Protein chains: 2
Amino acid sequence: MFGAVIHAPGDVRYEERPDPVILEPTDAVVRTVAACVCGSDLWRYRGISPVPEPAPIGHEFCGVVEEVGADVVSVRPGDFVVGGFNPSDNSCPVCRKGAQANCLHGAHYDGAQAERIRIPWANGTLVPTPGMPDESLVPSLLSLSDVMCTGWHAAVSAGVRPGDAVAVVGDGAVGLSAVLAAVQLGAGTVIAMSRHEDRSRIARVFGATHVVAERGEEGIAAVRDLTEGIGADRVLECVGTEAARAQAVGAVRPGGTVGLVGLPHGDLPMQDLFWRNVGIKGGPAHVRSYLPHLMDLVLGGTIEPGLVFDLELPLSQVAEGYAAMDQRRAIKTLLRP
Amino acid sequence: MFGAVIHAPGDVRYEERPDPVILEPTDAVVRTVAACVCGSDLWRYRGISPVPEPAPIGHEFCGVVEEVGADVVSVRPGDFVVGGFNPSDNSCPVCRKGAQANCLHGAHYDGAQAERIRIPWANGTLVPTPGMPDESLVPSLLSLSDVMCTGWHAAVSAGVRPGDAVAVVGDGAVGLSAVLAAVQLGAGTVIAMSRHEDRSRIARVFGATHVVAERGEEGIAAVRDLTEGIGADRVLECVGTEAARAQAVGAVRPGGTVGLVGLPHGDLPMQDLFWRNVGIKGGPAHVRSYLPHLMDLVLGGTIEPGLVFDLELPLSQVAEGYAAMDQRRAIKTLLRP
């Protein structure tokens, strides 16, 4: 089969790779229906994270089960499934707490930008749709594999409650998903911090009540102007850079909480957080925990998180998918074999 | 009148000070019925925080209102009152969010280890009891001025929920109060980390289900042994030292939360917190937010947080009160004029 391999920063190739096979009785092999490129893949593409040797890449997918190991009972060949980017057995003590991203048997996999993929802990990781979903729902179902659940995780980690004023730092696909999550969780005011016309348009479609184009101190002041002068109850930090984290901490009110899902680069001002009673919480998303509920919302037509995909390419053009996101010509690239 | 003045590390004197008077129409003057020495007072007494010049000290009190300014309507002369260590108007946008420790008009006051004290923002700060409380309740009412509310704040900040496994780092008066708070909030397992017989006895009285005497890595391992091997859902950090904070972060499970109320000394491992999805939240306690509920629990006999006082002295012997706590001969000293 063919799949994407990152050889070096800026160098992603579509090339022949071994067909995945069942290695453990808890494995499944899934034929990809759609995959995509993640903002976190760009860390390596941009040379910010190392690429020590050529490696398969990609961790978001939906597809159809082709084969299962002897111990797999929750899905069968022919099922349409979505799986999270972080495999989990969904039964260990940590999973039972709802923290599946930190499953005691968890693993990280790369290589989902491919025609097929081996899924470990298939019973715990894969969630099937009831029957074959309509083609139009594929982008939204694909988004549940990571980006929408990551935006949801930002909102859940921050503790968004009905009526809250929420500000979202970052207008990438995760930030936009976080806007949608905050709205779904009942936030009263949802401020998207975005200075790109195309992205703020989607934020509005997702339910943002305000868009703030300013950044840094000016952006913080603009958020305060919308929140009785004190800052937002919850801020969802969906970038991870030092500047974005500082903006998030500055935009939250005393006693509020910052949900963090951007891969963390740079420190946080611990003394300031303490004296202002500002909480922080976040990390890799507990996709498996959120998938059933969000799948219901997608299948029922309540949310359409797939709108974050604004470029669709054949999987064979995966290199162009990376280039378009790197150059900000696309928010997020959907790939089909 | 007379009151305590800290002149230098180790040097607290009971000396004549000016009688407090109404300076603002929102002030009240309270005659002290009981005051006490706080663990945070010891930072200066021990020379860890600076003492640039002699200063009145003490921020915990209960007493009887003697005089009120023209704008004070919520209490009257003769009322028995408890006030938090952080005055708040209880009406600004931040106070209305329940974050009174960060009141926009907040101030810090020292000098409550005295015969009388001037209270700013009396409407917002002071909470009266219905009638004159029984003498036996005075220690518990006094504890609501800071220590019990600070323990409660640790538990609320950590998000303790019914059934949670909670570990408490620190067996001082705040840590013991945090044990009581966790129990009241419905925690199923409450692990007091204590190696002092007298203190762990009080922790048991307050409802701790387990006492762990080990510290550091051994203490963390002992907590994990009691929590399916993964760590506590919530850890309440009531010390503030680097060692205590590291112990708290080590003892919490993936996806759990650490409530912080110890004055923060030393950094936290931000990358580790992120990848383990561990949240942190805390700071100075929102006493005014918690006071009415906790006062009800005290007056109704549900809780007796005043048990943390194991030494009572005349206010004139305040110096001995500090020395006893510094030398760990007392958990917490109650002072009466």
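Buried means under 20% relative accessible area, exposed over 50%, and partly exposed in between, with a 1.4 Å probe and protein chains only. Keep those cut-offs at hand for this tour of a predicted model, in which local features need pLDDT of at least 70, side-chain atom pairs count only at pLDDT 80 or more, and totals for chains, interfaces and linings use all residues. Residues are numbered from 1 along each chain as its sequence is written, chains are lettered from A and ligands numbered from 1 in the order in which they are written, and side-chain values use heavy atoms, with hydrogens and water left out.

**Stop 1: the ring pairs**

Start with the aromatic rings. Rings of Phe, Tyr and Trp (its six-membered ring) pair if their centres lie within 6.5 Å; planes under 30 degrees apart count as stacked, over 60 as edge-to-face and the rest as tilted. Over all chains, the structure holds 6 such pairs.

Select A:Y45 and A:Y322. They form a tilted pair, 5.2 Å centre to centre with 35° between the planes. A:Y45 sits in helix α1 (residues 41-45) of chain A and A:Y322 in helix α12 (residues 318-326) of chain A, 277 residues apart, so this pair links distant parts of the chain. Helices here are DSSP runs of H or I with at least four residues, strands are runs of E with at least two, and both are numbered from the N terminus. Buried or exposed: which is A:Y45? A:Y45 is buried, at a relative accessible area of 10%. A:Y322 is buried too, at 0% relative accessibility.

Now select B:F2 and B:Y14. This pair is also tilted: 5.5 Å centre to centre, 35° between the planes. B:F2 lies in strand β1 (residues 2-8) of chain B and B:Y14 in strand β2 (residues 11-16) of chain B, so the pair ties together parts that are 12 residues apart in sequence. Both rings belong to partly exposed residues: B:F2 has a relative accessible area of 35%, and B:Y14 has 25%.

**Stop 2: the three-stranded sheets**

Stay on those two strands and show their sheet. Strands pair if DSSP finds at least two bridges between them. In chain B, 3 strands make an open sheet in the order β2-β1-β4, with antiparallel pairing. β2 and β4 (55-56) of chain B stand at the edges with a single partner strand each, so one side of each is left without a neighbour in the sheet. β1(B) and β2(B) pair over 6 bridges. For one rung, pick B:V5; its bridge partner in β2(B) is B:R13.

Switch to chain A. An open sheet of 3 strands appears there, ordered β2-β1-β4 and antiparallel. Its edge strands are β2 (11-16) and β4 (55-56) of chain A, each pairing on one side only. Strand β1 (residues 2-8) of chain A is joined to β2(A) by 6 bridges. A:V5 has A:R13 as its bridge partner in β2(A).

**Stop 3: strand β12 of chain B**

Select residues 232-237 of chain B. This is strand β12, and 6 of its 6 residues are buried, so the strand is largely enclosed by the rest of the structure. Strand β9 (residues 165-169) of chain B pairs with β12(B) in the parallel sense over 4 bridges. Strand β13 (residues 252-260) of chain B also runs parallel to β12(B), over 5 bridges. Click B:E237. In β9(B), B:V169 stands opposite B:E237; in β13(B), the bridge partner of B:E237 is B:L260. Next, follow the chain from β12(B) through helix α9 (residues 242-251) of chain B to β13(B): this β-α-β crossover is right-handed (with the strands pointing away from the viewer, the path from the first strand over the helix to the second runs clockwise).

**Stop 4: helix α6 of chain A**

Select residues 173-184 of chain A. Helix α6 is mostly covered, with 10 of its 12 residues buried. Among the buried ones are A:A173, A:L176 and A:A182. The buried residues pack against α5 (147-158), β9 (165-169), β10 (189-193), α7 (197-205) and β12 (232-237) of chain A. Just after α6(A), A:G186 takes a positive phi of about 95°.

**Stop 5: A:H286**

Finish in the loop between β14 (279-282) and α11 (287-299) of chain A, where A:H286 lies. A:H286 is buried, at 6% relative accessibility. Which residues are in contact with A:H286, leaving aside its neighbours within four places in sequence? They are A:G98, A:A99, A:Q100, A:A101, A:N102, A:H153 and B:N277, with contact meaning heavy atoms within 4.5 Å. The backbone nitrogen of A:Q100 lies 3.4 Å from a polar atom of the A:H286 side chain.

Key. Polar contact = N/O pair within 3.5 Å; in protein donor to acceptor, adjacent residues only side chain to side chain.
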